[in-house]
Amino acid sequence: MKIDIRNLSSDLGSNFSLKDISFEVGAGQIVTLLGRSGSGKTSLLRCLAGLRPFSAAACNIPKPFGMVFQSSNLFNHLTLSQNIKIALVKTQGKSKKEAENICDQVLTQVQLTHRGDALPHQLSGGEQQRGAIARTLALSPKVIFYDEPTSALDPELSLEIYDLMNALKSEGIIQVVVSHDTQIVKKIADNVGYMKNGELRWFGKAQDFRLEFPKLEQEEQKYLQLYQ
Amino acid sequence: MLMITTLLGIYASGAAGEPQVLRWAADTESGAPYVFFEANDPSKMSGFEFELIQQIATHLKMTPKFVQNSWDGLIPGLERSEYDLAINGIEITDERRRIVSFSSPYYATQLQIIVRAGDTRFKSISDLNGFKVGTLAGALTEKILRDEPNIEILPYESEVSAHQDLLLKRSDAVFFDGPIAKYYSSVDTRFSILPAAGGSATYGMALSKKKTDLLIKVNQAIQHLTDSGALKELYERWGLWNEPTAQIFNDSSPTRIRPTKFEEYLASLNLNRGFAERLKIYRLSLPILLVAAMTTIKVSIVSMILAMAGGLLLVTARLWGGPFMSGIVVCFIEFIRGTPLLLQVFFMFYALPSFGIELSPFIAAVLGLGINYSVQESEIYRSGLSSVHQNQIEAGQILGFTRWQNFWFIQAPQAFRIALPPMTTDFIALIKDSSLVSVITMVELTKAYSTLASTYYDYFGFAVIAAILYILIGMPLVLVSKKLEKRF
C-alpha cells in the first residue's frame, strides 16, 4: 500500500499551474509539503483529495482517504458525535448501533469521549481539530490529508495534534501534511516535499533535506532556514 | 364533445324546478346609498341597488347571491364566472359597451360639483381648471374631469375619504354622481353642492356579452318594475327620484312617498354614538372581521407553503441547474421581482381567462402571492447557502456525500439558520400583502376594515381592531421562528 503519483499536472487556465509532479509515499509515513505561499502545495493536496481536477500518467491513492482543513471542519449545526456518525449512516450504510460503537471508539482514540454532545463552537480549537481527525478515522482511512491543520492553534495545542498524528503512524495510515509550522519537520515528518512555482523541486527523507539546503536559491534559503 | 357541452349546460342551469341563482356583484366599501351594510347591523345589506336586485330576482324567480368585488374589478370580472351581472352605479358609456352588454337604464342622475360651504370661487366645471378636484377612480366623473384642459384630478376609492380631503383642503372641490352628493354632501353643512350640474349619467347593469338570455330577462324585469311603479316607489323611498330618471321612465307624475330610507340613513348619521354604543357596533362587526381574518390566514398560509417550495426549486435550479437553466431562473426572478404584485394578481385573475385558464379567486390569490414570494424566498435561500463555509461543503464531499446529500444534510440546515430571520420578515410582509387580493373579489381583513370604517365613519376604532388582528395572525409565526432560531 502506497501513494504513487506519476507526472501530475493541473492547469485551470489561471496563471498558476502544477507541473509534472511525481512522488511515492509508503504505509505509515508522514510527508510534509513545504514551500512559500503560492508555491502550489495546497493545490497539490487538493488534487490528491479529488477537490481539484488534474491529469497524471499514474495516480494511485489508497481509498478511503480523509481530509482535515485548517478550520471549520466540523459541521456547525451538528454535535461532535453527530458529525462522526452522519457519514457512517448516510454514506456507508452502517446501522445506528454500529455508528454509535465506532463513534465511541474514535472519540476514545482522540481523547474526546466527554465532548461528544458539544457543538463545534463549544469546543476549543485543538478539540475541533482532534474531532475532525476522529471523524476521518471513523471511516478507517488509508490516507489522511491535512491542510494547515495547526495554523489556527497555539504551539501547545499543536503538540496535541502531532502526538495524535504520530500515534496514527503505527496503524499504517499515510499522512500528507501541508504546513508552515516549523515544528512539523523536526518532530514528525518522515519525508519532505519542497515546492516552488507549481513544481516539486525536491522530495526525499526529512533528514536528508538539510543536506540539499545549500543548493537552493538564496531567498528560498532564508525561508527554509526556519525549518532547521 | 357535444354531449359534454349539453351536460354542462344542464348542470349550469341547475336541476329542473329549483330556483336559479342570480349572482350579482358590487363594492360595499363606502357604498351608501347603492349597496352597503346597515349601520345598525353590519351583517345586513341595504341600498337602493340591493333592493332593486331583490325585486328583479323575485320577478325572475331566481335566488340572488351577492359577490363582493372592488369597483375597478367589477367589469373585468364579468369575463370570469364568479358572477352574472354587476350593478354599482356603473355609467353606460361607449367605451364600456365595447366590452360588456348593458341592461336598459335603471336610473339616471346629474353629476354634481361639491365645494366647501362658503367657497364662491366656482360655478361650473370649467372654473375648476387650475385646481385640485377629487372624484371616484374609474367613474364617468373622472373621465369628464380629464377632458378639461387643466384640472388636477385626485382619484379616490371611497367617497368618504374624498369628502374628508375636501374639508382638509387637500382638494378644492369634489365631483360626484347625484346619489353620492345627496348622501354624503347634502347631509353635512360644511359642504355645498353647486346648483349647475357638471353633466349627467345613466346607470345600467353590466353583463358579459355572452349572457344574452339573461340580458333579455333582466330587461323584461326592469320594464315590469317600471310599468308597475315599483321602481319609482323604490327611488322615492331612498329620496333619489329625480328629473333625469323621470325622463328615461317617461313618468312625470309627482312624488307621493316619504323618503323613509333616506331619513333612516340621516338618523344613523346624526346618532352621537356613546362609548357603549360603539362597543356594541364593534361587537356586531367582530364576526365580519373574523371571517375576513380567516380568509387572510388561509390565503397567507397556502401562499407561504407555495413560496417555500417554489423558492427551494428556484434556488436549486439556479445554483446547480447548469448555465441554461440558471439563465432562465435569473430572467424569471428579475421579471417577477421587477413587476408589481398587484399587477401579477390582476393578471392571474383577469388576463388568464382570455387564454382559457380560469382560476378561482382563491387559487389566483395564492398563485399570485406564492409565485411573487417564492422569488424573494429563493434570494433569501441563496444568501443563506452562499454563507455556508466552503470547507463544510468540501468536508462533506470527501466524506462521500453525494451533491444532494451534501445539500440536504449540510448546506440546507446551516443556510436555514441564516435565512430564518429574513424569512420571518418576508412572511409577515406576505400576510400584510395578502390585503391586495381584495381586488379579486376576496373579502380579507383590510377590505372588511375599510368597508366597516366607511360605514360608520370610524377609521380609528376599526383600524385598531384590524391592527390587533394582523398582529395576532403574525404572532405564531414570530414565536415559531424564535423557537427554531434557538434550536438551530
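Among contacts in chain B between residues at least 6 apart in sequence, what percentage join residues at least 24 apart? In this predicted model, the share is 71%. Chain B has 488 residues, and buried residues account for 42% of them. Its secondary structure consists of 18 helices and 13 strands. Along the principal axes, the C-alpha atoms of chain B occupy a box of roughly 95 × 65 × 50 Å.

Two helix pairs in chain B were examined. The first pair joins helix α16 (residues 403–433) of chain B and helix α18 (residues 459–487) of chain B. Their axes come within 10 Å and cross at roughly 165°. An angle over 145 degrees counts as roughly antiparallel, and α16(B) is therefore roughly antiparallel to α18(B). The crossing of α16(B) past α18(B) is right-handed. On the α16(B) side, the contact is made by L420(B), T424(B), F427(B), I428(B), I431(B) and K432(B). On the α18(B) side, the contributing residues are Y470(B), I473(B), G474(B), L477(B), V478(B), S481(B), L484(B) and E485(B). By class, this contact of α16(B) with α18(B) comprises 9 nonpolar, 3 polar and 2 charged residues.

The second pair is set at another angle. Helix α2 (residues 48–60) of chain B and helix α7 (residues 212–227) of chain B have axes that come within 9 Å. These axes cross at roughly 110°. Angles of 65 to 115 degrees count as roughly perpendicular, so α2(B) is roughly perpendicular to α7(B). From α2(B), the residues in the contact are Q55(B), I56(B), H59(B) and L60(B). From α7(B), they are K217(B), V218(B), A221(B), H224(B) and L225(B). The contact of α2(B) with α7(B) has 5 nonpolar, 3 polar and 1 charged residues.

Chain B also touches chain A. Here 17 residues of chain B are in contact with 15 residues of chain A. On the chain B side, the elements giving two or more residues are α15 (390–398) and α16 of chain B. Helix α16(B) thus appears in this interface as well as in the contact with α18(B). The chain B side of the interface divides into 8 nonpolar, 7 polar and 2 charged residues.

Backbone geometry was examined next. In chain A, the peptide bond from K63(A) to P64(A) is cis, with omega near 0°. P64(A) sits in the loop between β4 (58–60) and β5 (65–68) of chain A. In chain B, a cis peptide bond links A32(B) to P33(B), with omega about 0°. P33(B) belongs to the loop between β1 (20–26) and β2 (36–37) of chain B.

Positive phi values occur in chain A at D20(A) and S140(A). For D20(A), a residue other than glycine, phi is near 50°. D20(A) is part of strand β2 (residues 17–26) of chain A. It counts as partly exposed because it has 13 C-beta neighbours inside 10 Å. S140(A) is not a glycine either, and its phi is about 45°. S140(A) lies in the loop between α4 (125–137) and β6 (143–147) of chain A. With 13 other C-beta atoms within 10 Å, S140(A) is partly exposed.

Technical notes: Residues are numbered from 1 along each chain as its sequence is written. Chains are lettered from A and ligands numbered from 1 in the order in which they are written. This is a predicted model: local features need pLDDT of at least 70, side-chain atom pairs count only at pLDDT 80 or more; totals for chains, interfaces and linings use all residues. Axes are lines fitted to C-alpha atoms, for helices over the stretch in contact, and angles run from 0 to 180 degrees between N-to-C directions. Helices (H or I, at least four residues) and strands (E, at least two) are DSSP runs, numbered from the N terminus. Angles under 35 degrees count as roughly parallel, over 145 as roughly antiparallel, 65 to 115 as roughly perpendicular and the rest as oblique. A crossing is left-handed if the near helix is turned anticlockwise from the far one by less than a right angle, and right-handed if clockwise. Two residues are in contact if their C-beta atoms, placed from the backbone, lie within 7 Å. Ala, Val, Leu, Ile, Met, Phe, Trp, Tyr, Cys and Pro count as nonpolar, Asp, Glu, Lys and Arg as charged, and the others, Gly among them, as polar. A residue is buried if 20 or more other C-beta atoms lie within 10 Å of its own, exposed if 12 or fewer, and partly exposed in between; C-beta atoms are placed from the backbone.
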